[in-house]
Number of protein chains: 2
Amino acid sequence: MKHSRQREAILEYLQQTTSHPTADMVYLHVRKVIPNISLGTVYRNLNQLVGQGEVLRLSCGDDCDRFDGTVSPHYHFRCTQCHEVSDLVTDPLEHINLIAGAGFGGRIDGHSVYFYGICPDCLANEKECKIRLTNG
Amino acid sequence: MKHSRQREAILEYLQQTTSHPTADMVYLHVRKVIPNISLGTVYRNLNQLVGQGEVLRLSCGDDCDRFDGTVSPHYHFRCTQCHEVSDLVTDPLEHINLIAGAGFGGRIDGHSVYFYGICPDCLANEKECKIRLTNG
DNA sequence: TAAAATATTAGTAATGATTACTATTACGAG
DNA sequence: CTCGTAATAGTAATCATTACTAATATTTTA
């Protein structure tokens, strides 16, 4: 399917960043290229791209959704301290669909996994704090 | 911790139902016992119960959160057709924390998994439809 | 016990992400 | 080019959730 200029710019940004921006962050960035694009257009095109499987929607329990231009199977990690969402390099766990499907009357098409904990940066800061508390 | 009458009623309802109600559904049910309870009170107490680990919050990418009074480890399935959320009887997959943690600089505290697909009921209806389409 | 301190509430207003709407603009087929 | 369709910008509306406040309930303390 051919993309409009606006949709193309949104997709390009998502494919080129490793962050997992919210709709608002996408809006702010794409405005640098198309200054008068509207937020509604961003939402509409994000939904369309998700529907076509060209973009992933991440709902990790934050107040707002995030979007990911990398559609190959991978998992996500959310820091419970800074709320940053990052990719996790792990082999896909396709077998868990089978485990879950055993004895289930329905059809399992897939799964999404969100790991949570403290990210490397916050962990470093935490340690730093403890050292500071101990020494001072 | 001692619960107020309102919080007790909310917790009781969540522990006794196998559905995974939204805050609004909790509100509607608890109103049968405490008719003038306010929606804000429901939200405030749900947040408090979640914070204390007495209730789970489910964020499966629906527009609104759902709540679960069963806190022992288990997984959830969301039907992409009727949007119903149900429990899935499966062994906990604790080992995937280790798999994911390999080579990751941060600390992984846990994970949440949502399976999706077609639930038994919708699957039955779908088949029925196809039969009907074929025959008529 | 009663008075004072604290916690919780009902009700309502505010917030913020997302969607709906509408008049206008871009664009491909004939 | 001209018509018809699709997409847009801008704005208003929606809906889940949170914030606020004056009033009520509960606990503490004397």
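**Entry 1: DNA strand C**

I started with the protein surface near DNA strand C: helix H3 (39-51) of chain A, together with H1 and helix H3 (39-51) of chain B, each supply at least two residues of that surface. The model I am reading is a predicted one. I listed 21 residues around DNA strand C. The closest are Gly40(A), Cys64(A), Ser4(B), Gln6(B) and Thr41(B). I then sorted the surface near DNA strand C by class and noted six nonpolar, 10 polar and five charged residues.

**Entry 2: DNA strand D**

I repeated the lookup for DNA strand D, which has 23 residues around it. Ser4(A), Gln6(A), Thr41(A), Gly40(B) and Cys64(B) come nearest to DNA strand D. Helix H1 (5-16) and H3 of chain A, along with H3 of chain B, each supply at least two residues of the surface near this strand. Which element gives the most to the surface near DNA strand D? I found H3(A) in that place, with five residues. By class I have seven nonpolar, 10 polar and six charged residues for the surface near DNA strand D.

**Entry 3: H1 and H2 of chain B**

I next looked at how H1(B) packs on another helix. Two packed helices are described by the angle between their axes and the distance between the axes. For helix H1 (residues 5-16) and helix H2 (residues 23-30) of chain B, I noted an angle of about 110° and axes 10 Å apart. Angles of 65 to 115 degrees count as roughly perpendicular, so H1(B) and H2(B) are roughly perpendicular to each other. On the H1(B) side, the contact is made by Ala9(B), Ile10(B), Tyr13(B) and Leu14(B). On the H2(B) side I wrote down Val26(B), His29(B) and Val30(B). The residues of this contact comprise six nonpolar, one polar and no charged.

**Entry 4: relation of the two chains**

I superposed chain B on chain A and got a rotation of 180° with 0.0 Å of shift along its axis, at RMSD 0.1 Å. The two copies are therefore related as by a two-fold rotation axis. The contact surface is the same in both copies, since 100% of the contact residues of chain B recur in chain A. Which residue of chain B comes closest to the rotation axis? I found Val113(B), with its C-alpha at 2.2 Å.

**Entry 5: the interface of chains A and B**

I recorded 30 residues of chain B in contact with 30 residues of chain A. Helix H4 (95-101), strand E5 (107-118) and helix H5 (120-135) of chain B each supply at least two residues of the side that touches chain A. E5(B) gives the most to that side, with 12 residues. By class, the side of chain B that touches chain A has 17 nonpolar, 10 polar and three charged residues.

**Entry 6: strand pairing**

I followed E5 across the interface. Strand E5 (residues 107-118) of chain A pairs with E5(B) in the antiparallel sense over 11 bridges. I checked two positions in this pairing. The bridge partner of Tyr114(A) in E5(B) is Ser112(B), and Ile118(A) stands opposite Arg107(B).

I also looked within chain A, where four bridges join strand E3 (residues 75-79) to E5(A). E3(A) and E5(A) run parallel, whereas E5(A) and E5(B) are antiparallel. What is the bridge partner of Arg78(A) in E5(A)? I noted Tyr116(A) for that position.

Conventions: Residues are numbered from 1 along each chain as its sequence is written. Chains are lettered from A and ligands numbered from 1 in the order in which they are written. This is a predicted model: local features need pLDDT of at least 70, side-chain atom pairs count only at pLDDT 80 or more; totals for chains, interfaces and linings use all residues. Axes are lines fitted to C-alpha atoms, for helices over the stretch in contact, and angles run from 0 to 180 degrees between N-to-C directions. Angles under 35 degrees count as roughly parallel, over 145 as roughly antiparallel, 65 to 115 as roughly perpendicular and the rest as oblique. Two residues are in contact if their C-beta atoms, placed from the backbone, lie within 7 Å. Ala, Val, Leu, Ile, Met, Phe, Trp, Tyr, Cys and Pro count as nonpolar, Asp, Glu, Lys and Arg as charged, and the others, Gly among them, as polar. A residue is near a molecule or strand if its C-beta atom, placed from the backbone, lies within 6 Å of it. Copies are superposed by least squares on the C-alpha atoms of residues with pLDDT of at least 70 in both. Two strands pair if DSSP finds at least two bridges between them.
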